[in-house]
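Visitor: Could you take me through one part of this molecule slowly, as if I were seeing a structure for the first time? I would like a close look at a single helix and what lies around it.

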Amino acid sequence: MTLVDNRNCTLCRVMRGLAFGGIGAAIGGYGAIFFGAERGDAIYYALFGALALTAFLQRKRDKKDVGDE
């Protein structure tokens, strides 16, 4: 019987990416507004915040997966 890693299925990775993308967008967007950026500019900070947090956590996850082999 083969073991299935349920933590790394495609749907789990997509949902994890969406969740952390939303958290990164909230941190980036509201952080920019807090520091004085205009609302029109805050959307760009939100986009980059989502990208940065998702990429950071994916990179961290890839390193962890390499050690599991």
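Guide: Let's begin with Phe-20, which touches Leu-53, Thr-54 and Leu-57 once residues up to four places away in sequence are set aside. Keep in mind as we go that this is a predicted model. Phe-20 belongs to helix 1. Is Phe-20 buried, exposed or partly exposed? Its relative accessibility is 30%, and because partly exposed covers the range between under 20% and over 50%, Phe-20 counts as partly exposed. You can also look from Phe-20 across to Leu-51: the two are 31 residues apart in sequence, yet their C-alpha atoms are 9.1 Å apart in space.

Now let your eye follow the helix itself. Helix 1 covers residues 10-34. It has 25 residues and reaches 36 Å from its first C-alpha to its last, close to the 36 Å expected at 1.5 Å a residue. Which residues of helix 1 are buried? They are Gly-21, Gly-24, Gly-28, Gly-29 and Ala-32.

Let's stop at one of these, Gly-29. Its relative accessible area is 8%, and since buried means under 20%, Gly-29 is buried. What is Gly-29 in contact with, leaving aside its neighbours within four places in sequence? The answer is Ala-42, Tyr-45 and Ala-46. Another useful pairing is Gly-29 with Arg-39: they sit 10 residues apart in sequence and 8.4 Å apart in space, C-alpha to C-alpha.

Next, walk to the end of the helix. After helix 1 comes Gly-36, with a positive phi near 105°. Close by in the numbering you will find some rings to look at. The structure holds one aromatic pair. Phe-34 and Phe-35 make up this pair, which is edge-to-face, with 5.2 Å from centre to centre and 75° between the planes. Both Phe-34 and Phe-35 are exposed.

Let's carry on to the other helix. Helix 2 takes in residues 39-68, and Ile-43 is found there. Ile-43 has 55% relative accessibility, and because exposed means over 50%, it counts as exposed. Ile-43 also has company on the surface: together with Tyr-44, Leu-47, Phe-48 and Leu-51 it forms a nonpolar patch, with about 580 Å² of accessible area in total. You have met Leu-51 already, as the residue 9.1 Å from Phe-20 by C-alpha atoms.

Finally, step back to the whole chain. Its secondary structure comes to two helices and zero strands. Of the 69 residues in the chain, 16% are buried. About 5,800 Å² of the chain is exposed, and carbon and sulfur atoms supply 67% of that area. Among contacts with a separation of 6 or more, 53% are between residues 24 or more positions apart. Phe-20 with Leu-53, where we began, is one contact to keep in view as you turn the model.

Terms used: Residues are numbered from 1 along each chain as its sequence is written. This is a predicted model: local features need pLDDT of at least 70, side-chain atom pairs count only at pLDDT 80 or more; totals for chains, interfaces and linings use all residues. Side-chain values use heavy atoms; hydrogens and water are left out. Helices (H or I, at least four residues) and strands (E, at least two) are DSSP runs, numbered from the N terminus. Buried means under 20% relative accessible area, exposed over 50%, partly exposed in between (1.4 Å probe, protein chains only). Contact means heavy atoms within 4.5 Å. Patches are made of residues with over 30% relative accessible area and no salt bridge: like charges are joined within 9 Å, nonpolar side chains (Val, Leu, Ile, Met, Phe, Trp, Tyr) within 5 Å. Accessible areas come from the Shrake-Rupley method with a 1.4 Å probe; for residues, only the protein chains shown count as cover. A salt bridge is a side-chain nitrogen of Lys or Arg within 4 Å of a carboxyl oxygen of Asp or Glu. Rings of Phe, Tyr and Trp (its six-membered ring) pair if their centres lie within 6.5 Å; planes under 30 degrees apart count as stacked, over 60 as edge-to-face and the rest as tilted. The expected span of a helix is 1.5 Å times one less than its number of residues.
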